[in-house]
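Reader: I have a new structure open and would like to learn how to read it. Could you take me through it feature by feature?
Author: Gladly; let us look at it together.

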Amino acid sequence: MTDSQEEVGAMTPLQLYERLNAQGEQVRCLKTAKAEKAEIDVAVQLLLKLKTDYKHLTGQDYKAGCPPPENVVNQDNGAATDGIDEEDNVDPWNVSTSNAKGVDYDKLIVRFGSSKIETELVDRIEKVTGQKPHRFLRRGIFFSHRDMHQVLDAYEKNKSFYLYTGRGPSSEAMHVGHLIPFIFTKWLQDVFDIPLVIQLTDDEKYLWKDLAIEECHRFAVENAKDIIACGFDVNKTFIFSDFDYMGSSPEFYRNVVKIQKHVTYNQVKGIFGFTDSDCIGKISFPAIQAAPSFSNSFPQIFGGRKDVQRRSPNRLSQTSTRRQLLHFPHRHTQADQEQGAFHFLTFSDPTQINKHAFSGGKDTIEEHRKFGGNPDVDVSFMYLTFFLDDDEQLEKIKQDYSSGALLTGELKKILIETLQPMIAQHQERRKQVTEETVKQFMTPRPLNFKL
Ligand code: TRP
């Protein structure tokens with residue numbers, strides 16, 4: 001069942017809502033009936049497209065069981081209509097696109113006002129740090145930045161800066177995908193030898209998810225163990241739960257309130273797509289995520305200094321706390337947009353890849369030998385671009401898979417052999433993380449670094 005744009009365009013919010021219910025049912029039926037993968041993919045694609053249309057039409061996310069209120073017709077939420085077409089739906093919580101080629105990152109860079117990471121910047125990072133750039137930078141997985149040259153200028157003049165990143169603890173276990181920003185942040189901490197603050201937004205997850213406060217806080221502590229197991233230096237790293245730190249740091253709370261005073265409801269509504277039925281906790285939350293951008297939110301680390309720049313390897317509030325911007329966002333390939341490709345790769349069993357990883361290979365060995373596989377849509381190859389550090393080896397695998405010399409099963413085997421030691425080491429390090437270690441990282445205290 002396909003819907004032309006005209007048909008969708010002519011639908012009322014309620015009609016589109018019902019259409020979405022039907023399409024959701026369609027996808028469930030196909031999956032239960034174990035239909036052909038291609039057929040399921042097409043149905044999922046259409047569901048995504050209709051969701052984007054629904055968001056555009058009502059300014060709200062489609063939620064089964066929540067029909068659109070009567071007066072929601074054609075509400076423009078500002079965020080979606082900034083002159084850039086809406087194939088890509090990217091907000092702090094969702095990444096989806098109806099564009100067959102995946103999210104258009106160049107448009108995203110324009111939309112969020114950041115700059116592309118050009119080779120010249122990667123070369124400069126290598127020169128300034130004396131270190132080979134991380135594979136996430138070499139391969140454009142982290143692909144845009146803001147003011148990184150300014151930071152390198154300051155760094156060359158021995159003016160230090162600190163790193164800030166975070167995690168929303170929505171589950172006890174983190175999967176491999178969740179660790180990517182932390183793997184990159186650790187590299188930045190090591191090569192620049194600078195302090196790092198990590199915000200665990202247990203409050204955010206309580207506001208957005210159907211979880212109890214205690215549960216969110218427990219998840220925060222559990223996630224801290226996975227984050228510490230990434231190998232962060234305890235002498236340079238402060239990890240904090242908002243439920244703990246916000247209540248114990250007057251300076252932090254003062255900055256939150258200062259930010260809240262300078263940002264209007266319309267602005268956060270425009271940036272985040274909030275609606276009148278969103279709770280006030282959600283609306284004021286961005287100020288809490290922006291506050292760690294100011295060094296005087298951490299008097300125990302920076303004394304009262306206000307002039308220490310911070311870099312966030314991903315999302316941060318920028319010059320005026322008004323605009324929440326993506327920073328060093330990392331790419332999502334087509335493959336993981338459709339299927340959320342990381343979700344099945346937990347730390348328990350990497351061989352899940354054999355079962356779940358969407359393959360770019362041909363259906364038969366004969367066909368694959370003749371026409372080769374398509375690495376651009378292959379989840380296993382995508383993983384290798386994230387986790388196999390040797391560029392030459394990766395290029396050889398790409399050639400062999402495209403030529404058909406390498407079969408899908410063999411490609412998955414290489415990935416499992418690449419991931420297994422990495423996952424085993426992470427699990428081993430996580431076992432060493434005691435409650436005492438977590439307490440050490442999460443206690444407000446001076447960190448040792450040269451300012
Ligand atoms: N809100 C983010 C999430 O849900 C967590 C977070 C808090 C964060 N502060 C941050 C992420 C700074 C990146 C940078 O995952």
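Author: Let us begin with confidence, as this is a predicted model. Over residues 75–85, pLDDT stays under 50, and the model has 23 contacts beyond four places in sequence for them.

Reader: Which other stretch has a pLDDT that stays under 50?
Author: Residues 315–340 do, and for these the model has 98 contacts beyond four places in sequence. Across the chain, the average pLDDT is 83, and 80% of the residues score at least 70.

Reader: Now the overall picture: how many helices and strands does the chain have?
Author: The secondary structure comes to 22 helices and 10 strands. The chain has 451 residues, and 52% of them count as buried. Its accessible surface is about 21,300 Å², with 54% belonging to carbon and sulfur atoms. You can also ask how far along the sequence the contacts reach: among those between residues at least 6 apart in sequence, 74% join residues at least 24 apart.

Reader: How should I read a strand?
Author: The general idea is that in a regular strand the side chains alternate between the two faces of the sheet. Here, take strand 5, residues 161–167, which is mostly covered, with 6 of its 7 residues buried. Strand 5 runs parallel to strand 6 (residues 196–200), and 5 bridges join the two.

Reader: Which residue of strand 6 stands opposite threonine 165?
Author: Isoleucine 198 does.

Reader: And a helix: how many residues of helix 14 are buried?
Author: In helix 14, which spans residues 280–290, 9 of the 11 residues are buried, so the helix is mostly covered. Among the buried ones are Gly281, Ile283, Phe285 and Lys282.

Reader: Lys282 carries a charge-pairing side chain, I suppose. What does lysine 282 form a salt bridge with?
Author: The partner of lysine 282 is aspartate 278, and the closest N and O atoms are 3.4 Å apart. The relative accessible area of lysine 282 is 15%, which means that this lysine is buried.

Reader: How many salt bridges does the structure hold?
Author: There are 21. One of them joins lysine 236 to aspartate 233, with 3.0 Å between the closest N and O atoms. Look at the cover on each partner: lysine 236 has a relative accessible area of 15% and is buried, whereas aspartate 233, at 26%, counts as partly exposed.

Reader: Where do lysine 396 and aspartate 400 sit relative to each other?
Author: They are 4 residues apart in helix 20 (residues 391–403), so about one helical turn separates them. Lysine 396 and aspartate 400 form a salt bridge, with the closest N and O atoms 2.4 Å apart. Aspartate 400 has a relative accessible area of 22%, which makes it partly exposed.

Reader: What about salt bridges that join into a network?
Author: One such network links Arg135, Arg138, Arg139, Asp389 and Asp391.

Reader: Next, the aromatic rings. How do I describe a pair of them?
Author: A pair of aromatic rings is described by the distance of the centres and the angle of the planes. A search of the whole structure finds 25 aromatic pairs. In one of them, phenylalanine 184 and tryptophan 187 have ring centres 5.9 Å apart and planes at 15°, so this pair is stacked. Both residues lie in helix 8 (residues 176–192), 3 residues apart, so they are separated by about one helical turn.

Reader: Are phenylalanine 184 and tryptophan 187 buried or exposed?
Author: Phenylalanine 184 is buried at 0% relative accessible area, and tryptophan 187 is buried at 13%. For an edge-to-face pair, turn to phenylalanine 240 and phenylalanine 252, with 5.7 Å from centre to centre and 70° between the planes. This pair links distant parts of the chain: phenylalanine 240 belongs to strand 7 (residues 237–241) and phenylalanine 252 to helix 12 (residues 250–261), 12 residues apart. Phenylalanine 240 is buried, with a relative accessible area of 1%, and phenylalanine 252 is buried too, at 0%.

Reader: Which residues do ring pairs link into a cluster?
Author: The cluster consists of Phe136, Phe142, Phe184, Trp187, Tyr383, Phe386 and Phe387. Phe184 and Trp187 are the stacked pair from helix 8.

Methods: Residues numbered from 1 in each chain as written. Heavy atoms only, no water. Salt bridge = Lys/Arg side-chain N within 4 Å of Asp/Glu carboxyl O. Buried < 20%, exposed > 50% of the residue type's maximum accessible area, 1.4 Å probe, protein only. pLDDT = per-residue confidence, 0-100. Contact = heavy atoms within 4.5 Å. Phe/Tyr/Trp six-rings, centres within 6.5 Å; stacked < 30°, edge-to-face > 60°. Areas by Shrake-Rupley, 256 points an atom, 1.4 Å probe, with all protein chains shown as cover. Pairing = 2+ DSSP bridges.
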